[in-house]
Amino acid sequence: MYCLDLQGQEIWTVSLNLLGSNNTSNSIAIKENRIYCGGQQDIYCLNTTDGSCIWNRKLAGGNTSPAGFMLHENKLFVGSQWNKLYALDAASGEILWTNNDDQLHNFIMTPAASDGFLFTGSGNRLYKIHAASGRTVKYKEIPGYTFQSATTPYAENGILYLGTADRGVVAVDMESLELLWTFETGRSLIYTSPYSNGDVATIDSAIVPVAGECLCFGASDGWLYLIDKKGSLLRKFDVGSPINQAPIAESGFIIAADFSGNITRYDIR
């Protein structure tokens, strides 16, 4: 784990027991003076000042996943692929609950949190989970859709916007889990979702709000998209390479990193 200043100079470095390079694929989480990092099998909480270890928790079973660590209501949520969803106490690392009910065991997507609930997907199912207890409140099968991409959903005003492994971006009612609309992108240039093949439209990028009015995301078809919250295209940019990371949206521009190694700023004024 590396900590750098804004000029790129090293502040501290800590060696973690990650077992393999795949365990560096998930994003870290930061709150106040704590960094939550590592892999789905070995989780670390470090002090931001000097990198000292506050706690370390080993999780049995499962496998690494690109799903990010997510903090909500003083809990750290970790999805272990082919295993289960964990809730850990963010202060101590104690395991508070686990959930692998109702075929909830494929964790590629980072969960979204809203009003005390978690929202995630596994296979062709969407799930609403009580964040405090881990109880599955509701799940719904959506035939023809696969929710096994590395997307990070965005929740606002009772609607969940999320990427899929094969059908672009969808909007879902957070109470009923009913599908509201679908925005389909082009065919993926590479396959990143497990077991995907053929004519699929994968979104691994986070869904990012822009100025409170529209949504931005990158796609595996090599385009960067701006759509409104009803699923209509506003603008798109030909990147020429898959965008699997979250774009950064600021007033008047978007910065995106693509699969070929370029970081580009796009003017949207």
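1. In this predicted model, the cysteine sulfur closest to that of C216 belongs to C214, and the two sulfurs lie 7.8 Å apart, too far for a bond. Because a disulfide requires a pair of cysteine sulfur atoms within 2.5 Å, the distance of 7.8 Å between C216 and C214 rules out a bond there. C216 is also buried, its relative accessible area being 0%.

2. For the structure as a whole, the count of disulfides by this rule is 0. C37 accordingly takes part in no disulfide, its nearest cysteine sulfur being that of C45, at a distance of 8.2 Å. Since buried means under 20% relative accessible area, C37 falls in that class with its relative accessibility of 2%.

3. Turning to a charged position, K140 lies within strand 14, which spans residues 136-141. With a relative accessible area of 24%, K140 is partly exposed, so a description of K140 as buried would not be correct under the cut-off of 20%.

4. Which residues does K140 touch, once those up to four places away in sequence are set aside? The contacts are N124, R125 and L126, together with S176, L177 and E178. Within this group, E178 deserves separate mention, as the side chains of K140 and E178 are joined by a polar contact of 3.3 Å.

5. One further distance may help in placing K140: its C-alpha atom is separated by 14 Å from that of L160, a residue 20 positions away along the chain.

Terms used: Residues are numbered from 1 along each chain as its sequence is written. This is a predicted model: local features need pLDDT of at least 70, side-chain atom pairs count only at pLDDT 80 or more; totals for chains, interfaces and linings use all residues. Side-chain values use heavy atoms; hydrogens and water are left out. Helices (H or I, at least four residues) and strands (E, at least two) are DSSP runs, numbered from the N terminus. Buried means under 20% relative accessible area, exposed over 50%, partly exposed in between (1.4 Å probe, protein chains only). Contact means heavy atoms within 4.5 Å. A polar contact is a pair of N or O atoms within 3.5 Å; within protein, one must be able to donate a hydrogen and the other to accept it, and residues adjacent in sequence count only if both atoms are side-chain atoms.
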